[in-house]
Amino acid sequence: MTTGVPTPSSTPTSSSTRPPRSRLRTFLPLGVAAWVVLEIWLLTVVAGATSGFTVFLLLLAGFVLGAVVVKRAGRRAFRNLNEALQGGGSPSKGSGNGLLMLGGLLLMIPGLISDALGLLLLIPPVQKVLARYAERSFDRTLRRSAPGTFGDAFQQARIHRPDGKVVQGEVIKGEVIRDEPGETPQGPRPPLPR
């Protein structure tokens, strides 16, 4: 008796239909695992050289300092946003609140390497250099993004039809003609592109 469902041997393998994995998706889990192992090894080395209580105090101090930094950066970001909205402008660009929050979060993560990176992000010259680098790389990524990618969404207008399909938008300069209710159109309308 056949059900009409193709047998597993006649279906294409999932590896042939799946797009290739990016380098980030391949190496990020390996990098995170290596980072965790390195953090644990470093904590055991420091605990062996001093004591477990000293390591506990270091981790607790890092967590408390990170919480204070995140709270302060969040308040500053909210204050800047509130002042900008009351003044009718836009929030100041590059105030460094994002990097401060990242530094605070790295301090809150248990580990000595993450604490060192978090403390490094609290230094203003390092923040400025990293902010400039991030902005340049973000702009470069947006400029070379291919059609249909996430970066392309910032550069193209899209129209959603009622059936859910996405139609590429195009801006046409010219005179705007509006039909009033009850009027007949003056001429034929061009067909919609597919």
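Me: How much surface does the protein chain expose, and what share of it do carbon and sulfur atoms supply?
Reply: In this predicted model, the protein chain exposes about 15900 Å², and carbon and sulfur atoms supply 66% of that area.

Me: And what fraction of the residues is buried?
Reply: Buried residues make up 14% of the 194 residues in the protein chain.

Me: Ok, what's the fold made of, in order from the N terminus?
Reply: The protein chain has six helices and two strands, and from the N terminus on the elements run α-α-α-α-α-α-β-β, with the strands following the helices.

Me: What share of the contacts is long-range, say 24 or more positions apart?
Reply: Taking the contacts in the protein chain with a separation of 6 or more, residues 24 or more positions apart account for 45% of them.

Me: Back to the surface. Which residues make the nonpolar patch?
Reply: That patch covers about 610 Å² and is made by Leu 24, Leu 28, Val 32, Trp 35, Val 36, Ile 40 and Ile 109. Of these, Ile 40 is found in helix 2, whereas Ile 109 sits in the loop between helix 4 and helix 5.

Me: Why does Ile 109 qualify for a patch?
Reply: Patch residues need over 30% relative accessible area and no salt bridge, and Ile 109 meets the area cut-off because its relative accessibility is 33%, which counts as partly exposed.

Me: What does Ile 109 touch, apart from its neighbours within four places in sequence?
Reply: With those neighbours left aside, Ile 109 is in contact with Trp 35, Ser 114 and Asp 115. Ile 109 also lies 8.6 Å from Gly 66, C-alpha to C-alpha, although 43 residues separate the two in sequence.

Me: You mentioned Asp 115. Is that one buried or exposed?
Reply: Asp 115, which belongs to helix 5 (residues 112–121), is buried yet has no salt bridge, and the nearest side chain of opposite charge, Arg 72, is 16 Å away. Not counting residues up to four places away in sequence, Asp 115 touches Leu 58, Gly 62, Leu 106, Leu 107 and Ile 109.

Me: Which other residues of helix 5 are buried, and what do they pack against?
Reply: Besides Asp 115, the buried residues of helix 5 are Leu 112, Ser 114, Gly 118 and Leu 121. The buried residues of this helix pack against helix 2, helix 3, helix 4 (97–108) and helix 6.

Me: What about Glu 39, how far is the nearest opposite charge there?
Reply: For Glu 39 the nearest side chain of opposite charge is again Arg 72, at 22 Å, and Glu 39 is buried without a salt bridge. Glu 39 lies in helix 2 (residues 23–49) and, leaving aside its neighbours within four places in sequence, is in contact with Gly 111, Leu 112, Ile 113 and Ser 114.

Me: Switching to positive charge, which residues form that patch?
Reply: The positive surface patch is formed by Lys 128, Arg 132, Arg 136, Arg 140, Arg 143 and Arg 144. One of them, Arg 140, lies in helix 6 (residues 124–143) and is partly exposed, with a relative accessible area of 39%.

Me: Last one: where is Arg 76, and what is its relative accessible area?
Reply: Arg 76 is in helix 3 (residues 52–87) and is partly exposed, because its relative accessible area is 26%, a value between the 20% limit for buried and the 50% limit for exposed. Arg 76 and Asn 97 are 21 residues apart in sequence and 7.4 Å apart in space, C-alpha to C-alpha.

Definitions and conventions:
Residues numbered from 1 in each chain as written. Predicted model: local features only at pLDDT ≥ 70, side-chain atom pairs only at ≥ 80, totals over all residues. Heavy atoms only, no water. Patch = residues over 30% accessible without salt bridge, like charges linked within 9 Å, V, L, I, M, F, W, Y side chains within 5 Å. Areas by Shrake-Rupley, 256 points an atom, 1.4 Å probe, with all protein chains shown as cover. Salt bridge = Lys/Arg side-chain N within 4 Å of Asp/Glu carboxyl O. Lys, Arg positive; Asp, Glu negative; His and termini not counted. Charge placed at Lys NZ, Arg CZ, Asp CG, Glu CD. Helix = DSSP H or I, 4+ residues; strand = E, 2+ residues; numbered from the N terminus. Buried < 20%, exposed > 50% of the residue type's maximum accessible area, 1.4 Å probe, protein only. Contact = heavy atoms within 4.5 Å.
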